[in-house]
Amino acid sequence: MGLADNSIAFRRDLCDGRGDGALAAPHILPARDAYRFQPAIETMSRDALAALQWERLRAVLRRTYDRVAPYRAKCDAIGVRPEDLRRLDDLARFPFSLKTDLRDAYPFGLFAVPRADVLRLHASSGTTGRPTVVGYTSGDLDLWAELVARSLATAGARPGDVIHNAYGYGLFTGGLGFHGGAERLGATVVPASGGGTERQVTLLRDFAATVLCATPSYALNLAEVAERDGIDLRAGPLRLGLFGAEPWSEGMRAELSARLGIVARDVYGLSEVLGPGVAVECEAAAGLHGWEDHFLFETVHPETGASLPPGTPGELVITTLTKEALPMLRYRTRDITRLDVTPCACGRTHARIMRITGRSDDMLIIRGVNLYPSQVEAALVGVAGASPHYQLVVEHKGVMDTLTVRVEADPCLDPAGYAALAREIAHRIKSLIGVSAAIAVEATGTLPRSEGKAARVRDLRPAP
């Protein structure tokens, strides 16, 4: 039996519930110790958090206005100064910070400290223009490690865990961000980075990893390679996954939980604000706690920029309260979510960022209908015979844009059932999203596998 055949046989055992590979409940994280990395901070009263935010906001606004000329020019252009901040709500009067500001000021024009005080630089790939460069002082690196350690512990990691870190190392903030936090927590770190998937599966088994940190699409790739090689990671000590850096659905959570035998937690961060460690899911799995002692969160209307009350879906805006090298005032993340400030069952008081449903700059408009790739993923949930691997292909044919959804069939499905599966998926997408799409059901292994962030969209329309 070849490797591909072995993978299909393993997956069919999952489907049929047979043998050592039979579906098993994922590890349940024990609530034995109610462990908190920083209990006093994590359970501060809302009033105490607001007072701390007020003190830190005044300081960072003053420092940014005085030291960062491009932001001062933005404020002066609309006639606001730091003295105009008299309460937290007044922040809405101040200008936004945008990704284009970082590119316009490339490389160091937004730093609020001398370049010599910056101990580390990270940057985006710059594939669509100048890269965005972020810097960290010694104090920033210490804060970063603290917040990632807090996030890991909130998700269920503990000192002494073996944490397999499959986020990319280098200029991307994910790898080194998780690495520093895991060490601060007191865990053993395996700095696997991205790629070399077969070797990573071997290390997961041989080093007895208990926690996996990766993008959800790459974690799924790890699961597939393990199945192909006949390695049942669910039989080992792996119990927890922290997945982020790309939008993912509840269906993907269920898939990862079943195939890896883990509890899958969502984690949120972005390089311009800090990197990983901005927010994370707790055991209640009812949103991601955003650490309000270091960040101030808002939601605004994606088109008008008008402030929205908590609970209303909109674009997430983040102000850093304690970063030294690169403070960000009202940074527009382009991530669509809503905020929940009601008490959480876990006892933590920090506001929750609800699951990111998409990015305003990833939104596709197909014949007048707005859609996000994650909506298509959600529509695939529960469709028997469909795998979580999909890709959206957008083209312009004749006088209109067209959408084709490429979906891999589960190995359990006989090819004779592909046509019926395509009809069912098309019906679900039409009824749930409101757009008609052509569906191409393809064999297992057809679509490219991710070693980082998944490429969900191929936009073949001519540039405007």
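Strand β19 (residues 386–397) and strand β20 (residues 400–409) run antiparallel to each other, paired over nine bridges. One of those links is easy to look up: Y390 has V407 in β20 as its bridge partner. Keep in mind that this is a predicted model.

Zooming out, the two strands belong to an open sheet of four, ordered β21-β20-β19-β22, with mixed pairing. At the edges sit β21 (438–442) and β22 (457–459), each of which pairs on one side only. From one strand to the next, the twist averages 20°. As a general reminder, strands in a sheet pair through backbone hydrogen bonds, in either a parallel or an antiparallel way.

The sheet also has a helix packed on it: α12 (residues 418–433) touches β19, β20 and β21. The direction of α12 makes about 140° with that of β21.

Now for a helix pair elsewhere in the chain numbering. Helix α3 covers residues 46–67 and helix α4 covers residues 69–78; their axes come within 6 Å and cross at roughly 100°. Because angles of 65 to 115 degrees count as roughly perpendicular, α3 is roughly perpendicular to α4. Here is who takes part in the contact:

| Helix | Residues in the contact |
|---|---|
| α3 | L61, T64, Y65, D66 and R67 |
| α4 | A69, Y71, R72, C75 and D76 |

By character, the residues of this α3–α4 contact split into five nonpolar, one polar and four charged.

Notes: Residues are numbered from 1 along each chain as its sequence is written. This is a predicted model: local features need pLDDT of at least 70, side-chain atom pairs count only at pLDDT 80 or more; totals for chains, interfaces and linings use all residues. Side-chain values use heavy atoms; hydrogens and water are left out. Two strands pair if DSSP finds at least two bridges between them. Axes are lines fitted to C-alpha atoms, for helices over the stretch in contact, and angles run from 0 to 180 degrees between N-to-C directions. Contact means heavy atoms within 4.5 Å. Angles under 35 degrees count as roughly parallel, over 145 as roughly antiparallel, 65 to 115 as roughly perpendicular and the rest as oblique. Ala, Val, Leu, Ile, Met, Phe, Trp, Tyr, Cys and Pro count as nonpolar, Asp, Glu, Lys and Arg as charged, and the others, Gly among them, as polar.
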